Amino acid sequence: MRGLRDSGDGTVDSASRDSVGTTGTARRSRGFRAGLAASGTAMAGLAAFGLFCVSCSASGTGTRDEGPAGTKPVAQASPTLATPSTTALPARRVDAVTLLKRDSEVSPRIRTDLRPCSGDEYPIDTSYGSLTDGPAADVVVNVLTCGDSVGIGTYVYRPRDDGSYENVFAAEMPAVYGTIDRGDLVVTTQVYESKDSVAYPSGEEVITYRWADNRFSEHDRVHNDFNRAVGSGEGELPVPVDPTRN
């Protein structure tokens, strides 16, 4: 793995809900007034009692604020919208191909061999996220091979205030790939022994980097050894057995 870098230039191409009304209350009021006109003075006492009940039910939102009783519609306050996050940085899209080809920190071999695999599709993966507390999102660029999609280079570009980018990390080796994980840069490299095929490496190194003092420093390292007995396709799967019932 090549060392960490703090220099290099890059360029950028660009790029209430309405509350539920008290309809039920209105309907009950209209029904009550029609019944009052039809029944005459004999029903005045009962009507006055009913009016009292309706006015009581229309003055609140039900039994308690936790929710309505039964299925009758009640007034509801509009939900409070969540405050948008202020920590997310704008992901300003970049032309990663141009960024790499104009970067003297990228090896001449990778710059020369960087061609489309088909049409205008380049073997490049690009991720945007917060790694270096810059004015905009940082850019992680992985360069792959066309045939088997094996990573051959991982680069991190930090945005400057003027809109350009600087190369602050580079790792050029077979089977390397970088990702952004909750503000950390995680770089994985496959470990091959002499008889390993590309599809079945012997293990991997997973290194976590954190940005401090204007540079990336190693924070954690994990080594995984892979089981070499799997992947051959030999043997049969065991027949599933129903679990024993008590």
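Is Glu218 buried, partly exposed or exposed, and at what relative accessibility? Glu218 counts as partly exposed, at 43% relative accessibility. The structure is a predicted model, and this briefing addresses its salt bridges and two residues with a positive phi. Five salt bridges are found in a search of the whole structure; among them are the pairs described below.

**The salt-bridge network of Glu205, Glu218 and Arg221**

- A network of salt bridges links Glu205, Glu218 and Arg221.
- Within this network, Glu218 and Arg221 form a salt bridge in which the closest N and O atoms are 3.0 Å apart.
- Glu205 also meets Arg221 in a salt bridge between their side chains, with an N to O distance of 3.5 Å.
- The pair of Glu205 and Arg221 links distant parts of the chain, since Glu205 belongs to strand 7 (residues 203-212) and Arg221 to strand 8 (residues 215-225), with the two positions 16 residues apart in numbering.
- Arg221 has a relative accessible area of 45% and is therefore partly exposed.
- Glu218, at 43% relative accessibility, is likewise classed as partly exposed.

**The salt bridge of Arg158 and Glu166**

- The side chains of Arg158 and Glu166 form a salt bridge, with 4.0 Å from N to O.
- Arg158 is buried, because its relative accessible area of 17% lies under the 20% cut-off.
- Glu166 has a relative accessibility of 16% and so counts as buried.
- In general, side chains of opposite charge can pair when their charged atoms come close.

**Residues with a positive phi**

- Most residues other than glycine have a negative phi.
- Asp133, which is not a glycine, has a positive phi of about 60°.
- Asp133 is placed in the loop between strand 1 (124-129) and strand 2 (138-144).
- The relative accessibility of Asp133 is 65%, so the residue counts as exposed.
- Ser149, another residue other than glycine, has a positive phi near 55°.
- The location of Ser149 is the loop between strand 2 and strand 3 (151-159).
- Ser149 is exposed, because its relative accessible area of 51% is over the 50% cut-off.

Definitions and conventions. Residues are numbered from 1 along each chain as its sequence is written. This is a predicted model: local features need pLDDT of at least 70, side-chain atom pairs count only at pLDDT 80 or more; totals for chains, interfaces and linings use all residues. Side-chain values use heavy atoms; hydrogens and water are left out. Helices (H or I, at least four residues) and strands (E, at least two) are DSSP runs, numbered from the N terminus. Buried means under 20% relative accessible area, exposed over 50%, partly exposed in between (1.4 Å probe, protein chains only).
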